[in-house]
Amino acid sequence: MDKFRMIFQFFQSNQESFMNGICGIMALASTQMYSAFDFNCPCLPYYNLAYGLGILLVPPFILFLLGFVLNNNISMLAEEWRRPQGQRGKDPGVLRYMFCSMAQRAMIAPAVWVSVTLLDGKCITCAFCTSVPVETLGNASHPRLSQGEIQRVLARIPCKEIYNGQQLIANEVAVRYLRCISQALGWCFVLLMTTLAFLVRSLRPCFSQAAFLKSRYWSHYIDIERKLFDETCAEHARSFAKVCIQQFFEGMSTDLVAARCHLPRKAPVDAGEAAEKLLGITDRGTMNMALKSWHRCKPALHLHPPALPTGNGWAGEGQPPTHPSAPQRETAAYYSWV
């Protein structure tokens with residue numbers, strides 16, 4: 001249990017680790033789905049190709065879309081892409097980094113599915129069984145069979161129980177031939193994916209490391225900013241609801257006191273703390289205006305020290321901020337009479 005707890009805590013440490021864990025789980029799920037899938041080739045001409053290629057390509061496409069759906073950054077990317085310019089410009093490099101990062105993680109499960117399917121060989125055997133070279137592997141001069149009949153016989157190669165073309169070509173020979181081709185394609189696909197991943201990981205820092213670091217930093221910043229904004233809105237909503245409920249019960253208590261001549265009870269101590277968390281936003285219209293302002297014109301990414309209040313107003317308005325002078329060093333001399 002301790003090991004599972006440590007793994008779970010690692011996945012929850014940051015957004016990138018969490019999405020890596022989700023992609024790993026999806027990759028394992030894709031292999032389990034394929035092992036539990038009951039593959040039934042129709043063994044009919046023109047249907048075998050559609051069925052085999054459909055099983056090879058359609059589930060990876062669904063897993064790819066599912067990888068985007070499960071990624072929490074897809075909504076953040078769409079929001080950042082569609083928001084107005086406002087006071088903060090949109091960096092295309094950050095958007096590209098976010099999209100490429102999501103696409104790379106979403107491709108893991110489809111790549112695993114395609115690899116497992118090709119190494120198993122059933123899809124290729126079903127899809128291309130009518131393309132087996134009978135002249136090389138079988139008896140092409142088998143009498144009394146037209147080209148259409150030969151295609152119908154070859155289409156039954158994946159279905160061993162109904163195959164009746166042993167005189168034309170042996171079933172074991174055709175299946176082994178197609179499975180070897182499928183496994184060769186599978187290992188080539190695995191080698192290609194591994195090589196591409198190696199090149200992306202190793203060569204990218206050699207060309208654009210500074211741009212990559214900037215894009216990665218601001219991508220993390222957007223994610224953290226969104227989380228903090230959601231937490232702040234939730235805290236404000238909680239404080240707003242708390243003050244509303246307290247005011248409601250205080251009004252009811254006042255009405256009851258006026259009717260029954262009882263002294264009102266003392267307000268809770270934390271009412272002032274909840275009111276302070278409202279930050280001056282105490283009505284629905286102002287809150288809606290603040291939310292619209294956050295979406296339309298997010299504040300510029302430039303921090304500045306707050307102005308210092310004085311007796312007549314705010315000091316330093318229109319002037320550069322002044323810094324307090326450094327404290328002077330005091331020295332003490334000790335004299336002794338010898």
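Phe-198 lies in helix H10, which spans residues 171-260. I should state at once that we are looking at a predicted model. With a relative accessibility of 55%, Phe-198 is classed as exposed, because the cut-off for that class is over 50%. Phe-198 also belongs to a nonpolar patch on the surface, with an area of about 630 Å². The other contributors to this patch are Leu-192, Leu-196, Leu-199, Leu-203 and Phe-207.

Let us stay with helix H10 and turn to Ser-182, which is found there as well. Is Ser-182 buried or exposed? Its relative accessibility is 0%, so Ser-182 counts as buried; the limit for that class is under 20%. Which residues does Ser-182 touch, once those up to four places away in sequence are set aside? They are Thr-117, Leu-118, Gly-121 and Ile-124. A further pair deserves mention: Ser-182 and Thr-125 are separated by 57 residues in sequence, while their C-alpha atoms are 7.8 Å apart in space.

My last topic is a pair of helices, H5 and H6. Helix H5 covers residues 92-106 and helix H6 covers residues 108-120. Their axes are 4 Å apart, and the two helices pack at an angle of about 30°. H5 is therefore roughly parallel to H6, given that angles under 35 degrees fall into that class. On the H5 side, the contact is formed by Gln-104, Arg-105 and Ala-106. On the H6 side, Ile-108, Ala-109 and Pro-110 take part.

Key:
Residues numbered from 1 in each chain as written. Predicted model: local features only at pLDDT ≥ 70, side-chain atom pairs only at ≥ 80, totals over all residues. Heavy atoms only, no water. Patch = residues over 30% accessible without salt bridge, like charges linked within 9 Å, V, L, I, M, F, W, Y side chains within 5 Å. Areas by Shrake-Rupley, 256 points an atom, 1.4 Å probe, with all protein chains shown as cover. Salt bridge = Lys/Arg side-chain N within 4 Å of Asp/Glu carboxyl O. Buried < 20%, exposed > 50% of the residue type's maximum accessible area, 1.4 Å probe, protein only. Axes fitted to C-alpha atoms, helices over the stretch in contact; angles between N-to-C directions. Parallel < 35°, antiparallel > 145°, perpendicular 65-115°, else oblique. Contact = heavy atoms within 4.5 Å.
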